[in-house]
Amino acid sequence: MPVRLYNTLTQKIEDFVPATPGKVKLYVCGITTYDLAHAGHGRTYTTFDVLVRFLRARGYTVEHCQNVTDVDDKIVKRAKERGEHPLELSRRMDELAREHLRAIGCLEPTVMPRVSTTIDGIIEFTQALIEKGHAYVAETPLGKDVYYSVRSFPGYGKLSRRNLDELRAGASERLAEGATDVKKDPLDFALWKAVGPDAFGFDSPWGKGRPGWHIECSAMAFKELGEQIDIHGGGMDLVFPHHENEIAQSEARTGKPFARYWMHGGFLEIDSEKMAKSLGNFVTIKDVLEKNDPEAYRYFILGTHYRGPLSFDVTKHPDGRVTFPGLDEAERRMDYLYATRDALVALAGDIEPGMPNILQGQAKIVAEAKEKVLEALDRDLNTPVALSVLAELGKAANEIVSQAAKMKKDPAKYEAVRKLAASAVRALADACAPLGLMQASSEDYWARTKERRLRLRGLDAATIDAKVAERSEARKAKDFSRADAIRKELTDLGVEIFDAGETSTWKIGI
RNA sequence: GGUGCGGUAGCCAAGUGGUUAGGCAACGGUUUGCAAAACCGUCAUACACGGGUUCGAAUCCCGUCCGCACCUCCA
């Protein structure tokens, strides 16, 4: 079955066929770097990260271009407030965003162009549009602006299904509020805006100014990927006007279809409202990472189809603690997956994987897991179904481990079940790979979660170790009431105890 | 008003004409000194509402209701 993706342009799920067989050119609109990246950004970039990992797992070579908007009015404004150079503020925020996205498992895009280093391309693109009659220069008190003439492009509105007359009604009202009317049509949008001689800007044939928001993406995609790309992605809020304008610019210049497929991710919501910087209801990725494991966040995101809304719940406890219940639940699932893998590895040791004729129900699940995950992703990135495959595999794996304990007396059987366990380890890795899950070593995963959970609960490991040791002594002496009392005490602190024979281990609950 | 995205069992969430999605919670069982974890079972003939098409509809058609977003900067 081919890869199928929903295309906003046609409103249909279509077979994915890139322009060049085996090669995918992907452009994803990046972040405007004036503040920390929030959990909604994280959702979008995680979605496209899974798309990239998945397409690669399906054998495609993916060129993933994600821009950095480092020249923008918001950046200039924020920088001014802080007495910082705009590009310096942007560089700092970009570094943090990269760090946070890397932490949640997003692979570095192949290319990351910046506005500030693409000014030549933007100017060239703007000039081309002027020459072709799609853009015009307008005089303003600050100098010369360049606007795109929306009426010059017949296909305007085809992505967002809007027609110019309906749009004009809204735009005229806004203009009435005292804006200077230098545009020929209220819907025309800026390609280049003049700034005063003292403001942050770049020299151009039209004087000092800054590029408009939409032209930069057209120019960067053109420069890095060429005239036509396979997939263009971003959040749903970019459909209009940003992506509509990109189409108008790029197709007016080249005369060719810009992107074959347009993909848009749904919103992350808090209290049923879109999480947004402008609404002030956002939780940053940094906030998330302080409370939960990065893979728990990814698991949480993948639990809902990328086009639907995803509710990010925040619970404020009576004691003042703030938690994210959805992420907590996801983190328990990650604990489960890592614990499952640990048990498999402990059983398999370094035996070679194989598919012996044993535990056939489980063996079938192990054999099919990888392909089932890929098949789920074939269907417009159905990550919830992919996670259900992981759940099925986890169950089978744990069953293999518990059945193995009963086979120890029969060396031939035991070796066979160990081979199956080794296959399950491989299957788990293969099934997780396109999702970007279970990327840590067990050692790292348990260490980082332990450290974080101890910190959140204000506990320290040495105290717990001492209590657990004391309890072990009590158990050895068959003083079970003493042992149970200590366990109760620890449980109340959020510490879970696991007895295995005479020894006990512990972990902090989520 | 226009354009989209949603409304599925206690909760989260797949499915888009007939065949067990999955997870969480709860309860019962196997296991355990007792637990926990793990596994098995139950909850589950649920699909916003009203009509219609069909042998058969959560799924298609018509009409409503509700939530959210975009139409100005937004992933």
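Helices here are DSSP runs of H or I with at least four residues, numbered from the N terminus. With that in hand, Leu359 can be placed in the loop between α10 (325-348) and α11 (360-378). The structure is a predicted model, and the exercises below walk through parts of it.

**Exercise 1. Which residues named here have a positive phi without being glycine, and is each buried, partly exposed or exposed?**

Solution.
- Step 1: Start with Leu359, which has a positive phi of about 45° although it is not a glycine.
- Step 2: Its relative accessible area is 18%. Buried means under 20%, so Leu359 is buried.
- Step 3: Turn to Gln11, also not a glycine, with a positive phi of about 60°. Gln11 sits in the loop between β1 and β2.
- Step 4: Gln11 has a relative accessible area of 46%, so it counts as partly exposed.

**Exercise 2. Describe the hairpin around Gln11.**

Solution.
- Step 1: Find the strands. β1 covers residues 4-7 and β2 residues 12-15, and they pair in the antiparallel sense over 4 bridges.
- Step 2: Pick out one bridge: Leu5 has Glu14 in β2 as its partner.
- Step 3: Look at the connection, where 4 residues lie between the strands and Gln11 takes the positive phi near 60°.

**Exercise 3. What is the strand order of the open sheet of 4 strands, and which strands stand at its edges?**

Solution.
- Step 1: The order is β5-β6-β7-β8, with antiparallel pairing.
- Step 2: β5 (135-140) and β8 (209-211) each have a single partner strand, so they are the edges, and one side of each has no neighbour in the sheet.
- Step 3: From one strand to the next, the twist averages 25°.
- Step 4: Zoom in on β8, which pairs with β7 (residues 189-194) in the antiparallel sense over 3 bridges. Here Lys193 stands opposite Arg210 of β8.

**Exercise 4. How do α1 and α9 pack, and which residues make the contact?**

Solution.
- Step 1: Helix α1 (residues 39-57) and helix α9 (residues 294-302) have axes 10 Å apart, at an angle of about 80°.
- Step 2: Angles of 65 to 115 degrees count as roughly perpendicular, so α1 is roughly perpendicular to α9.
- Step 3: On α1, the contact is made by Ala39, Gly42, Arg43, Thr46, Asp49, Val50 and Arg53; on α9, by Tyr297, Arg298, Ile301 and Leu302.
- Step 4: Sorted by class, this contact has 5 nonpolar, 2 polar and 4 charged residues.

**Exercise 5. Repeat the analysis for α2 and α3.**

Solution.
- Step 1: α2 (residues 73-82) and α3 (residues 86-103) pack at about 100°, with axes 8 Å apart.
- Step 2: These two helices are therefore roughly perpendicular to each other.
- Step 3: Ile75, Val76, Arg78, Ala79 and Arg82 of α2 meet Pro86, Leu89, Ser90, Arg92 and Met93 of α3.
- Step 4: The classes here are 6 nonpolar, 1 polar and 3 charged residues.

**Exercise 6. Is His64 buried or exposed, and what is it in contact with?**

Solution.
- Step 1: Place His64 in strand β4 (residues 61-66).
- Step 2: Its relative accessibility is 5%, so His64 counts as buried.
- Step 3: Setting aside neighbours within four places in sequence, His64 is in contact with Leu26, Val28, Val52, Pro109, Thr110 and Val111.

**Exercise 7. Where is the cis peptide bond that involves Pro241?**

Solution.
- Step 1: The bond runs from Phe240 to Pro241, with omega near 0°.
- Step 2: Pro241 belongs to helix α7 (residues 239-254).

Definitions and conventions:
Residues are numbered from 1 along each chain as its sequence is written. Chains are lettered from A and ligands numbered from 1 in the order in which they are written. This is a predicted model: local features need pLDDT of at least 70, side-chain atom pairs count only at pLDDT 80 or more; totals for chains, interfaces and linings use all residues. Side-chain values use heavy atoms; hydrogens and water are left out. Two strands pair if DSSP finds at least two bridges between them. Buried means under 20% relative accessible area, exposed over 50%, partly exposed in between (1.4 Å probe, protein chains only). Contact means heavy atoms within 4.5 Å. Axes are lines fitted to C-alpha atoms, for helices over the stretch in contact, and angles run from 0 to 180 degrees between N-to-C directions. Angles under 35 degrees count as roughly parallel, over 145 as roughly antiparallel, 65 to 115 as roughly perpendicular and the rest as oblique. Ala, Val, Leu, Ile, Met, Phe, Trp, Tyr, Cys and Pro count as nonpolar, Asp, Glu, Lys and Arg as charged, and the others, Gly among them, as polar.
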